[in-house]
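User: I am new to this structure and would like the reasoning behind its descriptions. Please set each value against the rule that it has to meet.

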Amino acid sequence: MQVDFYHLTLQPLDRVLPRIAERVVGGGGRLLVVAESGEQRAALDRLLWTYAPESFLPHAQVAGDASDALQPILISAEPNAANAARNVALADGVWREDALGFDRAFHFFDDERIVEARAAWRVLGERDGVDRRYWKQNDDGRWEQAA
């Protein structure tokens with residue numbers, strides 16, 4: 001199980017998440033995007049439709065019916081993959097232990113959530129079978145693996 005910690009310093013989530021989603025879906029995978037706030041889920045829904053004029057990311061918010069299973073990207077308040085995703089993006093900066101049930105987790109956080117992210121990093125370091133990676137942006141805005 002791999003957990004990628006993305007410290008958002010120069011670019012906000014709305015610039016980073018769509019690129020990660022493109023890579024997951026482009027590689028044949030599925031993604032569950034988790035955010036507790038209904039307002040943030042609605043914003044993520046709009047984002048995935050409009051982030052770039054030349055791109056399209058098929059997705060939906062959890063509807064609670066059979067259509068959820070068809071979605072390559074599903075936006076939800078809970079880390080339950082109704083779309084059979086093996087990748088989860090924790091978009092609200094909150095680590096959830098249920099993310100360990102996926103093959104890969106993307107944990108996005110900004111400076112407001114850095115204390116919680118550091119705590120999650122330490123706890124996950126003590127777990128067998130968890131490969132942690134910490135990504136930060138350099139001065140040019142490129143992502144570099146720092147740990």
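**Pocket, helix and sheet**

Analyst: By class, nine nonpolar, two polar and five charged residues line the largest pocket. The model is a predicted one.

User: What is the volume of the largest pocket, and which residues are closest to its centre?

Analyst: The volume is about 340 Å³. The lining has 16 residues, and Val16, Arg19, Ile20, Arg23 and Trp143 are the closest to the centre of the pocket. Two elements, α1 and β6 (104-109), each give two or more residues to this lining. The largest share, eight residues, comes from α1.

User: What makes Arg19 and Arg23 charged and Val16, Ile20 and Trp143 nonpolar?

Analyst: The classes go by residue type: Arg counts as charged, while Val, Ile and Trp count as nonpolar.

User: How do you know that the span of helix α1 agrees with its number of residues?

Analyst: Helix α1 covers residues 13-26, which is 14 residues. The expected span is 1.5 Å times one less than the number of residues, so α1 should span 20 Å. The C-alpha atoms at its ends are 19 Å apart, and this agrees with the expected value.

User: Which residues of α1 are called buried, and why?

Analyst: They are Leu13, Val16, Leu17, Pro18, Ile20, Ala21 and Val24. A residue is called buried because its relative accessible area is under 20%. Just after α1 comes glycine 28, with a positive phi of about 90°.

User: Why is alanine 84 called exposed?

Analyst: The relative accessible area of alanine 84 is 57%. The cut-off for exposed is over 50%, so alanine 84 is exposed. This residue sits in the loop between β4 and β5 (87-90). Its phi is near 60°, a positive value in a residue other than glycine.

User: What is the order of the strands in the sheet, and why are β3 and β8 placed at the edges?

Analyst: The sheet is open, with eight strands in the order β3-β4-β2-β5-β6-β1-β7-β8 and mixed pairing. Both β3 (59-61) and β8 (143-145) have a single partner strand, so each has one side without a neighbour in the sheet. From one strand to the next the twist averages 20°.

User: How do you know that β3 and β4 pair?

Analyst: Pairing needs at least two bridges. Three bridges link β3 to β4 (residues 73-76), in the parallel sense, so the two strands meet the rule for pairing. One of the partners in β4 is isoleucine 75, across from glutamine 61.

User: What makes β2 a partner of both β4 and β5?

Analyst: Four bridges join β2 to β4, and these strands run parallel. Four bridges also pair β2 with β5 in the parallel sense. With at least two bridges as the rule, both count as pairs. Leucine 31 stands opposite isoleucine 73 in β4, and its bridge partner in β5 is asparagine 87. Valine 34 has serine 76 as its bridge partner in β4.

User: Which way do the residues of β2 and β4 point, and are they buried or exposed?

Analyst: In β2 (residues 31-34), Leu31 and Val33 point one way and Leu32 and Val34 the other way, and all are buried. In β4, Ile73 and Ile75 point one way, Leu74 and Ser76 point the other way, and all are buried.

Definitions and conventions. Residues are numbered from 1 along each chain as its sequence is written. This is a predicted model: local features need pLDDT of at least 70, side-chain atom pairs count only at pLDDT 80 or more; totals for chains, interfaces and linings use all residues. Side-chain values use heavy atoms; hydrogens and water are left out. Buried means under 20% relative accessible area, exposed over 50%, partly exposed in between (1.4 Å probe, protein chains only). On a 1 Å grid over the protein atoms alone, a cavity is a set of points where a 1.4 Å probe fits but cannot get out, and a pocket is an open set with protein on both sides within 12 Å along at least five of seven lines; lining residues have an atom within 4 Å of a point. Grid points are joined across faces, edges and corners, and a volume is the space filled by probe spheres set on the points. Axes are lines fitted to C-alpha atoms, for helices over the stretch in contact, and angles run from 0 to 180 degrees between N-to-C directions.
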